[in-house]
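Student: Please take a close look at a single part of this structure and explain how it is placed within its surroundings. I should like one connected account that begins with the whole chain, narrows to the part you choose, and then turns to the partner chain.

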Amino acid sequence: MRIRGGRVIDPANGIDEIRDVFIDAGKIVEAAEGEVIDATGKIVAPGLIDMHVHLREPGRTDKETIETGTRCAARGGFTSVVCMPNTQPPADNAGTIALIRQRSEAAGCVNVFPTGAISKELKGEELAPIGSLKRAGVVAITDDGHCVQNNELMRRAVEYARMFELPVLDHCQDYNLVADGVVNEGYWSAALGLRGWPASGEDVIVARNILLAELTDWHVHCQHVSSARSVELIREAKARGVKISAEACPHHFTLTEECLKTYDTNFKMNPPLRAARDREALLAGLADGTIEIIASDHAPHCAYEKEVEFDLAPFGIIGLETELALSLELVRQKILALPQLIEKFTVHPARLLRLNKGTLGTGADADVTIIDPDAEWTYDITRSASRSRNSPFHGWTLRGKAVTTIVAGTVVWKETTA
Amino acid sequence: MNPPAWKHKHLLGIQELSPDEINVVLDTAAAFKEVGERPIKKVPSLRGKTMVNLFIEPSTRTRTSFELAAKRLSADVININTQASSFAKGETLKDTALNLQALNADIIVIRHSAAGTPHFLSRFLRASVINAGDGAHEHPTQALLDAFTIREKKGRIAGLNVTILGDILYSRVARSNIWLLTKLGANVTLAGPSTLVPRVFEQFGCRVTHDIEVAIRDADVINLLRIQHKRQRKTMFPSIGEYAAMFGLNKERFARTKPDALIMHPGPINRGVEIDSDVADCSRSVILEQVTNGLAVRMAVLFLCAGGKHED
């Protein structure tokens, strides 16, 4: 296969130029015959990685399956996803990991990298069998959706995971401070009478993680960072060489808490949408590299689960299909150069999770995303590949999308209307 | 025969109302209050209409007031409370509401512990949705009856100093009063412990103080809110005893209020906690008149929202 005439942006190899990319037998090669894909006017990038998705399998296949979740990923331009362990049963044992890998092999159209739990049943009480999880193939451990409150247990988890070179991903939420909060604490929680989830409930765990990363000299990654103070804490710690990193989600850097004023449960997520100054801090953190990674926190929920009183609705939105377009907005607003954006979807998550992905170097797996950066389109949730419909971006006019997604040399998504 | 300034099918909150619309409710309520003083207290305005009191949170006075208001307008009334509802069987609120609509209910009065529930219902129901209190968000008929009472006693609302004292953070009564009073030009002071009266409320155009003396000194109206220790997180203040000592309107403090200051309370009152028993019963206390006025205000709201054709 030959991908002809595109602007190849391959940050892993320092490439940003018009050239051809060749694929043979599922690998990137120097030259090849066969099918030609014209990428003139398009961007050709290493297959994008989303390191934070919920595929809901096993257990909640009414919300999403590995098949439908990976189809969302392919449409969104993602050739690899990292799935969270809060399935039913939770991925706190090698058997569940084996099942996820088997189902991914059979039904997934992109690469699925599972994570394992930090603690048994995600309860934050006892360590999960992290060594067995590693052997079963996890790329990281996390209690995502939950947060280990016991600092000593967290310290041991990080210390223990270091032996297996597994980074620890943390959903940063102090349960006492957050209590029953459902939206950011501030002007809008006060006006709407909704219970507040203060940013300090995130910051205090980010600070805890920085201290434990220092203590253990091992890597803690803060998931879906949403507050200004968290960005500052991470920036300062990184400057000191602490093994800490962070990701941001498109909804947090696109929207603010003001969206909540209609009580639409599609704006209810955890951590919550925050104030305008938090959003600005995320943009600054993305720009200066404090936040190295962009991830969706794709969290499908059934329509009937979201169509309830605000307090009762589950947290989370789907995001794989809108993520790239919302992130390309950062380039149009000159917050990031295009290669910097591509890095946050490729080299950076690959490096953190030690994935052999995120590069178009010769011999690499032929995972490629071809992007039309300016294509204007309207997100129609009724046509989503997801089993769920919980997106606040339904009806939005977006710019930029993946027109072709290639996994190991096979086209898994191709825009047909283009 | 709707007054031209009213075009709402639902009453979701005070925030959605303009000052003119608030005055339309108060003026309409004045006419209905007169009806309540006649020997025959019933008018045919909502004859043939059905109102459902859907109360997913315990309430006696608000439910009774709505029920009586509807009956005085000749509407048929059905009461649904948490115990009798199908919630124990796992039905969603949306399904319950759609079932009521299938029975051709014209008005659904909703009380719920979750903020925004009336807004949620109004998005899919054809019936008029009347908010009878949604979590800590709004309790619009309470604010309207408070305003009616103030206007009746003081002749105006603009320029008055109104102090709301107590648990502001978790209070829907406080929020609806804040929106209403600021829209009509009153000066609103919020007072109580710093944990229950956070500074963020200054952004709504209110003065925030934690000094009870400052709060009551210049007040033309003192509206006391019910304090409950158990219902809140226990960390908000040490004890009911300490609250009463620091913020209760006792006789000594009452003596330092303006001689014509009105004492109000949405009820039910905790004698000896937020209000001294004698103060609750004194001549400046309008607590029971609030209850009477509540009936007239709710008649006005039901009549305006469900008595004719509406755009929204």
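**One helix of chain B in its setting**

Tutor: With 312 residues, chain B would be expected to have a radius of gyration near 20 Å if it were a compact globule, and its value of 19 Å agrees with that. The model is a predicted one, and what follows should be read accordingly. The C-alpha trace of chain B spans about 55 × 45 × 35 Å along its principal axes. Within that envelope, 48% of the 312 residues count as buried. The secondary structure of the chain consists of 11 helices and nine strands. Among the contacts in chain B with a separation of 6 or more, 74% join residues 24 or more positions apart.

The part chosen for the close look is helix α5 of chain B, and the domain division gives its context. The domain assignment splits chain B into domain 1, made of 19-138 + 292-306, and domain 2, made of 140-290. Helix α5 of chain B occupies residues 140-154. The C-alpha centres of the two domains of chain B lie 26 Å apart. Where these domains meet, 20 residues of domain 1 of chain B and 20 residues of domain 2 of chain B take part in the contact. On the domain 1 side, α1 (19-36), β4 (128-134) and α11 (287-306) of chain B each contribute at least two residues. Of the elements on that side, α11(B) gives the most, with six residues. By class, the domain 1 side that touches domain 2 of chain B holds nine nonpolar, seven polar and four charged residues.

Next comes the helix itself. The 15 residues of α5(B) reach 21 Å from the first C-alpha to the last, close to the 21 Å expected at 1.5 Å a residue. Because 11 of these 15 residues are buried, α5(B) is largely enclosed by the rest of the structure. The buried set begins with B:Pro140, B:Thr141, B:Gln142 and B:Ala143, continues through B:Leu144, B:Leu145, B:Asp146 and B:Ala147, and is completed by B:Phe148, B:Thr149 and B:Ile150.

What, then, do the buried residues of α5(B) pack against? Their partners in chain B are the helices α1, α6 (172-183) and α11, together with the strands β4, β8 (221-224) and β9 (262-264). Three of these partners, namely α1, β4 and α11, were named above as each supplying at least two residues to the side of domain 1 of chain B that touches domain 2. Just after α5(B), the backbone takes a positive phi of about 80° at B:Gly155.

The account now moves to the partner chain. The contact between the chains involves 16 residues of chain A and 19 residues of chain B. On the chain A side, helix α6 (residues 187-192) gives the most, with three residues. That side of chain A divides into 10 nonpolar, three polar and three charged residues.

Several backbone features in the loops of chain A also merit inspection. A cis peptide bond, with omega near 0°, joins A:Gln88 to A:Pro89, and A:Pro89 is found in the loop between β7 (78-83) and α2 (94-107) of chain A. Another cis peptide bond runs from A:Asn270 to A:Pro271, with omega near -5°; A:Pro271 is found in the loop between α9 (250-254) and α10 (276-288) of chain A.

Positive phi values occur in non-glycine residues of chain A as well. A:Ala179 has a phi near 45° and lies in the loop between α5 (175-178) and β11 (183-184) of chain A. A:Ala179 is partly exposed, with 14 other C-beta atoms within 10 Å. A:Arg354, which is not a glycine, has a positive phi of about 55° and is placed in the loop between α14 and β16 of chain A. A:Arg354 counts as exposed, with 12 C-beta neighbours inside 10 Å.

A:Thr359 is in the loop between α14 (347-353) and β16 (368-378) of chain A. A:Thr359 is buried, for 22 other C-beta atoms lie within 10 Å. Apart from its neighbours within four places in sequence, A:Thr359 is in contact with A:Asp10, A:Ala12, A:Asn13, A:Pro46 and A:Ala364.

Terms used: Residues numbered from 1 in each chain as written. Chains lettered and ligands numbered in written order. Predicted model: local features only at pLDDT ≥ 70, side-chain atom pairs only at ≥ 80, totals over all residues. Contact = placed C-beta atoms within 7 Å. Helix = DSSP H or I, 4+ residues; strand = E, 2+ residues; numbered from the N terminus. Nonpolar A, V, L, I, M, F, W, Y, C, P; charged D, E, K, R; others polar. Domains from an automatic or database assignment. Expected span 1.5 Å × (residues − 1). Buried ≥ 20, exposed ≤ 12 C-beta atoms within 10 Å, placed from the backbone. Rg over C-alpha atoms; globule rule 2.2 N^0.38 Å.
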